[in-house]
Amino acid sequence: MSREKILIVDDEREMCFLIKSFLDNENYEIEIRNDAESALQDIDAIRPDLILLDVMLPEMNGIDLCLKIRNSVDCPILFMSCKSENIDKIVALSAGGDDYITKPFNSGELIARINAHLRRERRHYEKYKEDLDVVAYECNGLILNESNRTVTLDNESVLLTSKEFDILNLFMKKPKRVYSKEQIYESVWQDGVMAMSDTKTVQVHISSLRKKIEPDGRMIKYIYNIRGMGYKFSEDVKIVND
C-alpha cells in the first residue's frame, strides 16, 4: 500500500520543516508549498490524502484557497492559525475545513488529529470496497448513495464535504431518530480529539449542509430542529436500488 500523502501549505518555511519533523516517524509522504498559488497549481498532481493549511497566507489566504479547492478535493483539511477566537474557527469550518488547530500547538496533538482524520478516511474506503452493492436512500428528490459517496438533488449533483456527507448519511439511515449535537459529533467525528463540548462545529457543518440541500431556507424539507433536543430528518426516506 502506498504511503498516505500530506500537503503542508504555510509561508513559514521553518514551520513547514518543523511539522515535517513531527511526521517523519509516521510514515507519511510530505509535500510542502509556501503559498496558495503554488498549492492551487499543484493540487491535482499531488492528490493529497490530507491538507494542513495555514490561514494567514500572503496574497491569497487559506480560507480563500479552501473555497477554491473544496469542490475538487474531498480529503480532510486541517486549518492552522494563530487566531483562537470562535469566529475564526467558524469561518474556517464554514469554508470547508474539517478541523482547526491553534498555533503554537503540541506535536502530539497535531499528530493525533492527523492520524484520527486519516483513520476515518481509511474506514470509509474499506466500507466502500465492502459495500459496493449498498442501496441508496431517497427523500423527496434527494438521493444519497453510500457506496460511491455521492448526493444528488432533483438529478443535479450536490458537492458535499466529507463531514457533511457523513452527517446526511447518519440522518437518512435513521430518519425517525432525533440526534443531539453531541450524538452527531460522536458519530461523525468518532475518534477525533476536539472537545465534545464544542457543539459549534456541528452547527456550522449542519448549516452548510442545509444551504446545499435546502435551496429555499423558508421551506424546510429535510433537516428539522427539535427544540431542546437536536435535529431530525424527514421521515419520507425510502431505500431504492442503486
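**Charged pairs that link distant parts**

Reader: Which word fits Arg 70, buried or exposed?
Author: Arg 70 has a relative accessible area of 9%. This is a predicted model, where local features need pLDDT of at least 70, side-chain atom pairs count only at pLDDT 80 or more, and totals for chains, interfaces and linings use all residues. Residues are numbered from 1 along each chain as its sequence is written, and side-chain values use heavy atoms, leaving out hydrogens and water. Buried means under 20%, exposed over 50%, partly exposed in between (1.4 Å probe, protein chains only), so Arg 70 is buried.

Reader: Which residue meets Arg 70 in a salt bridge?
Author: A salt bridge puts a side-chain nitrogen of Lys or Arg within 4 Å of a carboxyl oxygen of Asp or Glu. For Arg 70, the N to O distance is 2.8 Å, and the partner is Asp 98.

Reader: How far apart in sequence are the parts that Lys 103 and Asp 54 tie together?
Author: Their closest N and O atoms are 3.1 Å apart, making a salt bridge. Asp 54 sits in strand β3, while Lys 103 is in the loop between β5 and α5, so the parts joined are separated by 49 residues. (Helices, H or I, at least four residues, and strands, E, at least two, are DSSP runs numbered from the N terminus.) That gap, once more, is 49 residues.

Reader: What about Glu 12 and Lys 103, how many residues apart are the parts they tie together?
Author: Their side chains form a salt bridge at 3.7 Å, N to O. Glu 12 lies in the loop between β1 and α1, and Lys 103 in the one between β5 and α5, so the separation is 91 residues.
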